[in-house]
Structures are given as structure tokens and as C-alpha cells.
Amino acid sequence: STYFEGKGCDKAKHGYSRDHRPDLVQIEIGLLVDAEGIPIGHQVFDGNVKDMATVLPTLKRLKEDFNIARCIFVSDDGMASEENLTALTKADYEYITSLSLGNSIIGGELISNMPAKAQFKRLTDNLSILTLRKDGDLRYIAAYNHDRARASRRHRRARLEACIDSVRQLQEPPKLRARR
């Protein structure tokens, strides 16, 4: 997404602001890239469109405008609705997407049976993976990045400390104001 200061175009609308500027209108930009990451096309969406709603029109465009026969669609779980994954499969496109572990039945099962980190295969200095499960053509792969894990722990700890501070403030007796 990109936001506008001043007057925007007709597609500029208030929406989820990744730039932390909910006060400004924005547009959403979809970028299509080849295997080397070179842009081959783009599409501009209304600024209030949800990411999930951009997939079907983009698939149509890949087939009709670019005649793309093979595609690997990569996304986070915000775009991986059942409808979108079904459409990708029907188009004979492959996909890689994240799975919301806390909000899915399969995610819960995978977490409850998570093997020790020692079983993961190291790919790079900060990335290890392990195939957890195969269901036909679907594979569920866990990835572990110690840098991200450390940052997530710090973030959780900071949020927890802020919550504890808020509860302590609620428990303190109200301060009396001095009268003049």
C-alpha cells in the first residue's frame, strides 16, 4: 500500500494502513514478478480492499492477460482463504502460504506434536526447517528462525510488562489533588 498526502485518486480510500497512517487515504498495489523477482505487471486496487480479495482478480489476469501456465503463489495466511486456495488449485497453480497456527485445527494439531528443534534441518545460519506432515500434495513445513524467535520473545515480554504495569496502576489508590 501507499498513502496520499493531499488529494488522492478515485481508488484512494481509508483502509488498513501498513504505514501506520490511518488518517490518510491509500491505494493497494499488487505486483506480479517472475522467478527472478523481475516485475512483469501490476494492478492498483482500492485502498480499503482486503488482501484476500485481490487474489481472484489477479489469478484471472495471470491466465487471461499473461497466459501464465505455471505459477507459484506465495502469500501469508491473510490471503489464504479456502476460496483462494481452491481457485489456485483449479488454475493448476502451486502455492506456498503460512498457516495461522493459533486459528486453525491443523495448526493446533501440528503445534501439539511439534518435535524438538534438534530434529530441524539447518538451511542457513538463521533458518531451519522440518516437514511435519504430508496430506497428498500438501506439505506442512515448520520453519525456525532464531533471530525472529528472539525478537518475538522480546516483543511478548514488553507487551506482558506493559499489561502488568497497567494492572498495577489500576490497583493503586487514586492520588489526591492538593487544594489551592
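These legends walk through several views of one predicted model.

**View 1. The whole protein, with four helices and eight strands.** Welcome to the structure as a whole. Along the sequence, its elements come in the order β-β-β-α-β-α-β-α-β-β-β-α. The radius of gyration is 22 Å, well over the 16 Å that the globule rule gives for 180 residues, so the protein is more spread out than a compact globule. Taken along the principal axes, the box filled by the C-alpha atoms is roughly 80 × 55 × 30 Å.

**View 2. The surface and interior of the protein.** How much of the protein is made up of buried residues? Of the 180 residues, 20% are buried. The accessible surface comes to about 14,100 Å², and carbon and sulfur atoms hold 53% of that area. Turning to contacts with a separation of 6 or more, 28% of them are between residues 24 or more positions apart.

**View 3. Charged side chains across the protein.** There are 29 positive and 25 negative side chains here. The centres of these two sets are 9 Å apart. Side chains of opposite charge can pair when their charged atoms come close. A search of the whole structure turns up 11 salt bridges, and the next two views introduce some of them.

**View 4. A salt bridge between Arg 18 and Asp 51.** Start with the distance: the closest N and O atoms of Arg 18 and Asp 51 are 2.5 Å apart. Where in the chain do Arg 18 and Asp 51 sit? Arg 18 belongs to the loop between strand E1 (2–3) and strand E2 (26–33), while Asp 51 belongs to the loop between strand E3 (39–46) and helix H1 (55–64). The pair therefore links distant parts of the chain, 33 residues apart. Both partners are partly exposed: Arg 18 has a relative accessible area of 38%, and Asp 51 has a relative accessibility of 26%.

**View 5. Arg 133 and its partners Glu 109 and Asp 135.** Look for Arg 133 and Glu 109, which form a salt bridge with their closest N and O atoms 2.8 Å apart. Arg 133 lies in strand E7 (residues 127–135) and Glu 109 in helix H3 (residues 105–112), so this salt bridge ties together parts that are 24 residues apart in sequence. Arg 133 also meets Asp 135 in a salt bridge, at 3.2 Å from N to O. Are these side chains buried or partly exposed? Arg 133 is partly exposed at 26% relative accessibility, Glu 109 is partly exposed at 34%, and Asp 135 is partly exposed at 32%. Elsewhere, salt bridges with shared partners join Arg 18, Glu 28 and Asp 51 into one network.

**View 6. Asn 84 in helix H2.** For the last stop, find helix H2, which covers residues 82–90 and includes Asn 84. Asn 84 counts as buried because its relative accessibility is 2%, and buried means under 20%. Which residues does Asn 84 touch, not counting those up to four places away in sequence? They are Met 52, Val 55, Leu 56 and Met 79.

Terms used. Residues are numbered from 1 along each chain as its sequence is written. This is a predicted model: local features need pLDDT of at least 70, side-chain atom pairs count only at pLDDT 80 or more; totals for chains, interfaces and linings use all residues. Side-chain values use heavy atoms; hydrogens and water are left out. A salt bridge is a side-chain nitrogen of Lys or Arg within 4 Å of a carboxyl oxygen of Asp or Glu. Helices (H or I, at least four residues) and strands (E, at least two) are DSSP runs, numbered from the N terminus. Buried means under 20% relative accessible area, exposed over 50%, partly exposed in between (1.4 Å probe, protein chains only). The radius of gyration is taken over C-alpha atoms; the globule rule is 2.2 Å times the number of residues to the power 0.38. Contact means heavy atoms within 4.5 Å. Accessible areas come from the Shrake-Rupley method with a 1.4 Å probe; for residues, only the protein chains shown count as cover. Lys and Arg count as positive and Asp and Glu as negative; His and the chain ends are not counted. The place of a charge is taken as NZ of Lys, CZ of Arg, CG of Asp or CD of Glu.
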